[in-house]
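This report describes selected local and global features of the model shown below. Each section takes up one topic.

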Amino acid sequence: MAQASVSRSGAWVSALRNATHSKTAAAGATRRAVTASPCLNASSTPPRNPASAPLRQQQQQRVRAFSSSPRSGYKTVQEAKSRHKSGPFSLKAAGLFFAVGAGLIAYFRHEKARIERQRIADQTKGMGRPKVGGAFDLVDQNGNRFTDEDMKGKYALVYFGFTHCPDICPEELDKMAEMIDQVKEISGNTMRPIFITCDPARDTPAVMKTYLAEFHPDMIGLTGTYEAVKSVCKAYRVYFSTPSDVKPGQDYLVDHSIYFYLMDPEGDFVEALGRNHTPARAAKIISDHIGDWRGKLDRN
Ligand SMILES: [Cu+2]
């Protein structure tokens, strides 16, 4: 009697085990293991009450249905493989996969570049940052007063130099003229190009007017008193070396930093563009910043 009980319960457990094993040596091994283990045997012995027999059969059938029927209705591996050929791995799906992938990569690159520009633009906006730029009070090439307030409303590209500069300034102003045209082409009339002299003693409004006419009609040339020019150079962190007591006709050298300072429509510094930027590259950077601007922007 006891032997029969063990044998029955062994079959029941082996059916459970067979849910994941084949009905060969493994089943036999499982049965032997179950018989040998009183603990597992006791806990897994089904009730002896005959009334529970139909329930046991149902459980067995359920287990068998789970274990022995093919999962997806394919009779052979080849059949399953051939079904999958026209399934998720078709050419169309692969094309779609790569198109979506390429689209995502392009989107994330664009976003990354935008966030990087935003970071550069925001860097000098916050408090406690070393500020580049600020208030100034100068005179333009037509003799009219021009302050930092007149600079606002559009982006401004500010360059410091002097008209007696033998080679650097002419070269940089040629580049600036190219930038002006290219930015205009991409972003319209949204940028003011400004040339500020570091040599107020020789660069009068009239001298500036003649000089800048050689480069671009849009350029605004600013000069002023020695103190006013020195102050604006300091505000933009431009190295200023002009002697203060220049006698008429005396020749002297003016050293200056070679940067284009991009200022936003609120007069805040955005980014400095150096000699390593080609006019096309600089124009692209400037236009991208202009494109990012969400505030008021004078386009006339
Ligand atoms: Cu120069």
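## Lys-209 and its surroundings

Apart from neighbours within four places in sequence, Lys-209 is in contact with Gln-141 and Asn-142. In this predicted model, Lys-209 is placed in helix 9, which spans residues 205-213. Its relative accessibility is 47%, so Lys-209 counts as partly exposed. Met-219 follows ten residues along the chain from Lys-209, and the C-alpha atoms of the two are separated by 9.4 Å.

## Overall architecture

The protein chain contains eleven helices and seven strands. It has 300 residues, of which 38% count as buried. Its accessible surface comes to about 18,300 Å², and carbon and sulfur atoms account for 57% of that area.

Among contacts in the protein chain with a separation of 6 or more, 72% are between residues 24 or more positions apart.

## The copper site

Three protein donors of the copper ion are found: Cys-165 through SG, Cys-169 through SG and His-256 through NE2. These donors lie 2.1 to 2.2 Å from the ion. Along the sequence the donor residues follow the spacing C-x3-C-x86-H. Both Cys-165 and Cys-169 are buried.

The donor His-256 is also touched by Tyr-239, whose contacts, not counting residues up to four places away in sequence, are Asp-255, His-256 and Ser-257. Tyr-239 belongs to the loop between helix 10 and strand 6. From Tyr-239 to Asp-255 there are 16 residues in sequence, while the C-alpha to C-alpha distance is 7.1 Å.

## The nonpolar core

In soluble globular proteins, nonpolar side chains tend to be buried together. The largest nonpolar core here has 56 residues, and the members touching the most others are Val-158, Phe-160 and Tyr-236. Helix 8, residues 168-187, gives the most to this core, contributing seven residues.

Tyr-236 illustrates the packing around one such member. Residues up to four places away in sequence aside, Tyr-236 touches Val-132, Gly-133, Gly-134, Phe-136, Met-151, Val-158, Phe-160, Tyr-261 and Met-263. Two of the contact partners of Tyr-236, Val-158 and Phe-160, are themselves among the three core members that touch the most others.

## Salt bridges

Side chains of opposite charge can pair when their charged atoms come close. The structure holds eleven salt bridges. Glu-171, Glu-172, Lys-175 and Arg-275 are linked in a network of such pairs.

Within this network, Glu-172 pairs with Lys-175, with the closest N and O atoms 3.8 Å apart. The two residues are three apart in helix 8, about one turn of the helix, and both are buried. Glu-172 also forms a salt bridge with Arg-275, where the closest N and O atoms are 3.2 Å apart. This second pair links distant parts of the chain, 103 residues apart: Glu-172 is in helix 8, whereas Arg-275 is in the loop between strand 7 (269-273) and helix 11 (279-292). Glu-172 counts as buried because its relative accessibility is 1%. Arg-275 has a relative accessibility of 39% and therefore counts as partly exposed.

A further salt bridge joins the side chains of Asp-199 and Arg-202, at 2.8 Å from N to O. Asp-199 and Arg-202 are both buried.

## Backbone geometry at Arg-237

Most residues other than glycine have a negative phi. Which sign does the phi of Arg-237 have? Arg-237 is not a glycine, yet its phi is positive, at about 60 degrees. The residue lies in the loop between helix 10 (226-235) and strand 6 (260-263). Arg-237 counts as exposed because its relative accessibility is 52%, and the threshold for that class is over 50%.

## A nonpolar surface patch

Leu-96, Val-100, Leu-104, Tyr-107 and Phe-108 make a nonpolar surface patch of about 540 Å². One of these residues, Val-100, lies in helix 6, which covers residues 91-123. With a relative accessibility of 46%, Val-100 counts as partly exposed, the class between under 20% for buried and over 50% for exposed.

Methods. Residues numbered from 1 in each chain as written. Predicted model: local features only at pLDDT ≥ 70, side-chain atom pairs only at ≥ 80, totals over all residues. Heavy atoms only, no water. Patch = residues over 30% accessible without salt bridge, like charges linked within 9 Å, V, L, I, M, F, W, Y side chains within 5 Å. Areas by Shrake-Rupley, 256 points an atom, 1.4 Å probe, with all protein chains shown as cover. Salt bridge = Lys/Arg side-chain N within 4 Å of Asp/Glu carboxyl O. Helix = DSSP H or I, 4+ residues; strand = E, 2+ residues; numbered from the N terminus. Buried < 20%, exposed > 50% of the residue type's maximum accessible area, 1.4 Å probe, protein only. Core = buried A, V, L, I, M, F, W, Y, C linked by side-chain atoms within 4.5 Å. Contact = heavy atoms within 4.5 Å. Donors = N, O, S within 2.8 Å, 3.2 Å for Na, K, Ca; no water.
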